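Student: I would be grateful for a close look at the aromatic rings, and then at whatever connects to them in the account of the fold. Please explain each term as it arises.

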Amino acid sequence: MSELLEAAQERMTRAAEMVGLDKEVVSHLLNPIETLSASVNIRRDDGSALALKGWRCRYNSALGPTKGGIRFHPSVHSDEVETLAFLMTLKCALMGLPFGGGKGGVEVDARDLSTMEKERVARGYVRAMAKILGPDRDVPAPDVATGEREMAWMVSEYSEIAGAILPHAFTGKPVSLGGMPGRTPATGRGAHIALEEMRDLAGLGEDGGLTIALQGFGNAGLWFAKAAADAGHTIIAVADSSGTVSDPDGLDIEALARVKEEKGKVTAYDGGDAQSSDDPEEVLATECDVLVFAALGGVIADAEDAKALKCNAIVELANRPILPSADKALKDAGIEVVPDILANGGGVTISHAEWVQGRQGIDWNSDDVDDYLEDTIAEASENVREVMQECDTDMRTAAYAVALRRLCAAISAHGTRADFGKS
């Protein structure tokens, strides 16, 4: 077992013991059911060959077909893919969706690829992984450096291989190709809904504006910031790979988004009394009510990293930005965390709606999508709230417990030691 996966499962073990789940049943979640490693070979625009490594993990299918994104990033490797697939297993269970967890990716810097090269990588990945994909087996979606266009290429390639038009084999597609209106903003909007649902238990009161600092200003971070600003909160600092921009009176998110789109970096923003720094980590020391992690994982790796934070609560919009070795320090500091499996569950929730839409052949309207997102996040939040109060525990452990209870019920339905006359 990789160190990344083992660390993630520390939290699972803690939650399972807290609510008294059968160790035999929980053991079914210790290893992925299937991980495929393959070479993705393409021809570059200049005629040269490029050989890339790709992976796809189907972690657990007790609740249904596995579901999870595909990322194109230099950090992609088998350990990361399996760990993220494990977290997707818990996330889908927490959201009450009929999915297991999956994940995939290609080890490549997408910024170094032309548009045509990226299409070749997307189609090559599907050809390499086709044997474990499918609308009733494993359903991919966008992730880091992939989006609607990549999903359009992938579903096209898969349909050619399958010999059938299968729009529900992938989610996160353009609306014109069977995608779901509202899927693009769903992850960010869902995180804002989760924050509002859990803010009292995070020590933030029940109403009133909050000061928020945001690490990461990609799709998820942008839509979270828009939703939070519309709700009356003040975004006082934002960071991307170029550095940090801050304004104690609040940043104009719409203007910041335009600058990011036009110039590719938030530090080019000069509105109001904004101050810029070329240090992306400066945002972590911002004094604020809520610090939102919307970049990559492993940002807060240990107790020393945790002690440097000056926030009252954290929202994990990214996957696993806080490693288990920092949990105790955050608890000692009184910093509650809205965990990733709750905070970023909006994307897979609307992906489920898109999958259902594709199977039914009946389009959903935007109001139905919005209602489904709000209702699903609210119900998951309420379930977490009940376990927090029942077990007097933190939000992450409660979220894991809710997910594990559902997963273990499904696994147990196939029989446990007791069913075979063994004590």
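Rings, strands and empty space

Tutor: Tyr-59 and Phe-86 are both buried, a word reserved for residues with under 20% relative accessible area, whereas exposed means over 50% and partly exposed lies in between (1.4 Å probe, protein chains only). The model is predicted, and local features need pLDDT of at least 70, side-chain atom pairs count only at pLDDT 80 or more, and totals for chains, interfaces and linings use all residues. Residues are numbered from 1 along each chain as its sequence is written, and side-chain values use heavy atoms, with hydrogens and water left out.

Four aromatic pairs are found when the whole structure is searched. Rings of Phe, Tyr and Trp (its six-membered ring) pair if their centres lie within 6.5 Å, and planes under 30 degrees apart are stacked, over 60 edge-to-face and the rest tilted. One of the pairs joins Tyr-59 to Phe-86 edge-to-face, with 5.5 Å centre to centre and 65° between the planes. Because Tyr-59 belongs to strand E2 (residues 49-60) and Phe-86 to helix H3 (residues 78-94), this contact ties together parts that are 27 residues apart in sequence. Helices (H or I, at least four residues) and strands (E, at least two) are DSSP runs numbered from the N terminus.

Tyr-158 and Phe-170 also form an edge-to-face pair, at 6.3 Å centre to centre and with 65° between the planes. Tyr-158 sits in helix H5 (residues 148-162) and Phe-170 in the loop between H5 and helix H6 (183-198), so the pair links distant parts of the chain, twelve residues apart. Tyr-158 counts as buried because its relative accessibility is 9%, and Phe-170 counts as buried because its value is 0%.

H3, the helix that carries Phe-86, also helps to line a cavity. On a 1 Å grid over the protein atoms alone, a cavity is a set of points where a 1.4 Å probe fits but cannot get out, a pocket is an open set with protein on both sides within 12 Å along at least five of seven lines, and lining residues have an atom within 4 Å of a point. One cavity of 30 Å³ or more is found in the whole structure, and the volume of the largest cavity is about 80 Å³, that is, the space filled by probe spheres set on the points, which are joined across faces, edges and corners. Its lining comprises 13 residues, and Ala-8, Arg-11, Arg-320, Ile-322 and Pro-324 lie nearest the centre. H1, H3 and H14 each supply at least two lining residues, and H1 gives the most, with four. Eight of the residues are nonpolar, one is polar and four are charged.

H1 and H14 appear again in the second largest pocket, which has a volume of about 390 Å³. Of its 15 lining residues, Asp-327, Lys-331, Ile-335, Glu-336 and Asp-394 are the closest to its centre. Two or more residues come from each of helix H1 (3-18), helix H10 (327-332), strand E12 (336-338) and helix H14 (395-412), and H10 contributes the most, with four.

Strands also meet one another in this model: E7 (residues 234-240) and E8 (residues 243-246) pair in the antiparallel sense over four bridges, where pairing requires at least two bridges found by DSSP. Two residues separate E7 from E8 in the hairpin they form, and Ala-239 has Thr-244 in E8 as its bridge partner.

Methods. Nonpolar A, V, L, I, M, F, W, Y, C, P; charged D, E, K, R; others polar.
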